[in-house]
Amino acid sequence: MINRIKIGMASCGVAAGAREVKDKIAEVAPEEKIVEVGCIGHCYAEPIVEIETDEGSIFYQDVEPDEEFINRMLELEDFSRFTPNPEREKWEKKFVTELSGKIDPVSLEEYRSRGGYQGLEKALEMEPGEVVEEVKTSYLRGRGGGGFPAGMKWSFLAAKEEEDKVIICNADEGDPGAFMDRTVMESIPHQMLEGMLIAAYATGANRLFIYCRAEYPLAVRNLNTAISQIEEAGLNKIGGEDIKITVKEGAGAFVCGEETALIHSLEGKRGTPRYRPPYPTDKGYKGRPSMINNVETFANVPLIIRLGGEEYAEIGTENSTGTKLFALAGDLEYSGLVEVPMGISIGDVIYGIGGAEEGSIKAVQIGGPSGGCIPEEYFDTPIDYDSLNELGAIMGSGGLIAISKGRCMVETARYFLDFTAKESCGKCTFCRIGTKRMLETLERVTGGEGTAEDVELLSELGPKIIKGSLCGLGQTAPNPVLTTLKYFKNEYLEHVEEKHCPALECDNLVEIEIDQETCIECGQCIKNCPVNVISDDFVIDNQDCTRCNSCIEVCPVDAIARVRKGGKVNVAN
Amino acid sequence: MPDLAALGQEKSNLIKALQEQQKEEGYISDQAIKDISREFDMAPVEVEGVVSFYTQFKRIKPGKYKIQVCDGTACHIIGSKLVLNWAKDHLGIAEGETDEEGLFSLDAVACLGCCSLAPVISINGKVYGDLTRKKLLKILEDYRAREEEV
């Protein structure tokens with residue numbers, strides 16, 4: 001007996017075809033049994049369908065929008081069953097995202113039936129000051145990356161005597177490779193909003209904003225639906241006053257994740273940061289005291305109030321309590337959204353949860369473009385704010401990318417610098433011009449024109465940019481370069497001294513070669529070459545080749561490969 | 001058309017007004033800058049300043065199908081640069097350009113948030129993942145064929 005059919009319909013699921021699957025299911029199954037749920041967290045197996053029966057749930061993976069597939073699935077046949085990586089269960093701790101993928105994101109009743117808004121009810125029975133104390137006791141630290149204790153921030157705003165106080169949820173998740181906040185907003189919007197309402201009560205704020213990336217249409221839609229449900233149910237009535245909650249869409253500027261820039265953008269201006277002090281809690285949105293927390297931080301709050309700060313603080317480590325969401329990506333078997341207790345080691349995340357082949361990963365990039373690359377020898381480092389800082393990386397918002405031994409670290413650093421150089425708002429000279437010069441230097445190195453002085457220049461310029469920049473963007477932009485220089489200097493030196501990219505990734509330092517002995521002369525490469533540089537006797541003209549890899553991809557016998565330019569001869573001398 | 005006069009009452013609505021304008025026309029035209037600056041009681045150059053600051057706003061009329069090639073970290077590592085090159089070669093346009101028929105425009109964008117499907121592109125918001133060159137060209141040709149049918 002099938003009770004409910006749940007389809008994972010967060011952005012990843014939809015991108016993998018969940019909507020077509022849902023439409024097909026709707027043709028044969030009764031509508032009232034079909035539920036659209038949020039992210040189930042196993043992106044690699046999308047589209048995923050969960051069928052709830054009297055005997056428990058059965059999961060199907062890689063579901064196809066095909067009549068036969070759907071019918072067999074609804075007969076509960078034993079095929080394409082989804083079995084999560086058993087290792088993963090061992091390491092993961094679903095806490096903040098416990099309800100993600102289990103409930104309809106925009107059903108207030110479902111959220112309430114699972115304990116939703118009990119945190120708010122409990123908070124309203126306490127004195128506002130007690131709520132702030134509870135958050136302080138939990139030692140919740142800002143999940144946006146900085147790690148500032150949330151309870152402290154709350155107490156700053158609570159102490160303000162102005163009548164109009166503002167709370168802003170920073171949902172401008174712009175780090176490439178990060179989708180933690182998107183998942184929370186898409187899958188459990190009510191939980192985050194409950195956290196914001198608790199904060200409003202605790203600090204006496206009367207205006208709530210959510211500043212969300214415009215690239216997240218589903219998150220914006222789900223938040224707006226949830227907000228109207230809250231207003232209808234009167235949950236936003238706090239201290240006899242209706243609190244207004246507004247979602248504001250950003251317009252695509254990474255620097256707006258920085259709090260003073262975010263406030264400018266909310267005010268409709270160019271999103272440039274300004275000097276602090278005054279801190280936003282003194283003078284923020286339109287001059288009013290304003291407090292900014294990140295999406296994940298707010299999503300933790302209802303759980304802290306429900307459990308009590310002390311019990312919450314038992315999760316994780318002493319100085320980094322609770323759990324952290326990570327967007328796992330890169331050279332892994334199982335990518336996706338994971339939630340782990342603070343203090344777990346990097347190795348356990350990428351090998352245990354990510355299922356990477358033992359020994360295949362040479363570094364992880366943690367914290368996005370502001371973060372750093374951590375090499376293999378530090379994979380037993382616990383993931384907490386302080387240990388990561390010691391290595392020159394940062395917790396960041398939660399992007400975690402595994403880099404295998406076949407990737408070039410100089411190119412990785414160049415990629416991140418390219419991002420920050422483009423996103424620099426231009427206000428501070430060292431950030432605007434410094435990142436540009438660093439990028440040009442890195443391009444010389446990856447392009448095969450670098451010298452040993454270039455490598456020195458990078459190490460010299462990095463700390464200066466950090467010192468000479470006003471906001472977090474410039475202060476962290478050199479991190480990817482400085483950490484790769486620290487841990488992978490040999491790769492830089494090989495590029496400049498030997499003109500060799502050990503990972504064979506940098507286009508200017510490689511050639512494409514067809515191995516005549518393996519080649520079966522099928523002609524696929526010639527047919528697929530977009531620039532027609534492969535001759536009839538299967539020789540590639542590397543002068544005009546764009547290194548697009550099309551031929552390598554289509555070769556049925558793997559006879560084509562990227563090789564070192566100029567063979568093994570040392571061309572540097 | 002967005003109600004610029006109403007939005008213009010409150011300066012903090014400027015970005016919203018620009019977003020609605022762009023939703024309507026697909027880009028921010030010179031005329032739109034003039035209209036908005038009048039309603040918001042700002043100099044056109046101030047409006048232009050906000051427009052140029054945010055990457056979302058386009059000053060060139062986009063094609064009917066807007067291709068966004070994701071260059072987020074996960075896609076980049078797996079080869080988004082190649083995807084972009086394949087698309088450029090096939091369409092004969094560079095990043096930020098629109099083809100002559102006004103059918104396709106091409107942009108590289110920061111993360112689309114579908115990292116586990118890398119490399120991905122989106123065409124008018126619909127995401128296509130796990131791309132290979134063959135798959136990409138087929139997708140583009142399917143769009144063109146559909147257009148020619150109509």
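Reader: Hi! How much of chain A is made up of buried residues?
Author: Buried residues account for 53% of the 573 residues in chain A. Keep in mind that this is a predicted model.

Reader: Thanks! What does the radius of gyration of chain A say about a compact globule?
Author: Chain A has a radius of gyration of 26 Å, and a compact globule with 573 residues would be near 25 Å, so the two agree. The C-alpha trace of chain A spans about 80 × 65 × 40 Å along its principal axes.

Reader: And which secondary structure elements does chain A have?
Author: There are 24 helices and 17 strands in chain A.

Reader: Nice. Of the contacts with a separation of 6 or more, what share joins residues 24 or more positions apart?
Author: In chain A that share is 73%.

Reader: Switching to helix packing: how do α6 and α13 of chain A cross?
Author: Helix α6(A), residues 118-125, and helix α13(A), residues 295-307, have axes that come within 8 Å and cross at roughly 60°. An angle of 65 to 115 degrees would count as roughly perpendicular, so α6(A) is oblique to α13(A).

Reader: Is that crossing left-handed or right-handed?
Author: The crossing of α6(A) past α13(A) is left-handed.

Reader: Which residues meet there?
Author: From α6(A) come Q118(A), G119(A), L120(A), K122(A) and A123(A). They meet V301(A), P302(A), L303(A), I305(A) and R306(A) of α13(A).

Reader: Great, and what's the makeup of that contact by class?
Author: The contact of α6(A) with α13(A) has six nonpolar residues, two polar and two charged.

Note on methods
Residues are numbered from 1 along each chain as its sequence is written. Chains are lettered from A and ligands numbered from 1 in the order in which they are written. This is a predicted model: local features need pLDDT of at least 70, side-chain atom pairs count only at pLDDT 80 or more; totals for chains, interfaces and linings use all residues. Helices (H or I, at least four residues) and strands (E, at least two) are DSSP runs, numbered from the N terminus. The radius of gyration is taken over C-alpha atoms; the globule rule is 2.2 Å times the number of residues to the power 0.38. A residue is buried if 20 or more other C-beta atoms lie within 10 Å of its own, exposed if 12 or fewer, and partly exposed in between; C-beta atoms are placed from the backbone. Two residues are in contact if their C-beta atoms, placed from the backbone, lie within 7 Å. Axes are lines fitted to C-alpha atoms, for helices over the stretch in contact, and angles run from 0 to 180 degrees between N-to-C directions. Angles under 35 degrees count as roughly parallel, over 145 as roughly antiparallel, 65 to 115 as roughly perpendicular and the rest as oblique. A crossing is left-handed if the near helix is turned anticlockwise from the far one by less than a right angle, and right-handed if clockwise. Ala, Val, Leu, Ile, Met, Phe, Trp, Tyr, Cys and Pro count as nonpolar, Asp, Glu, Lys and Arg as charged, and the others, Gly among them, as polar.
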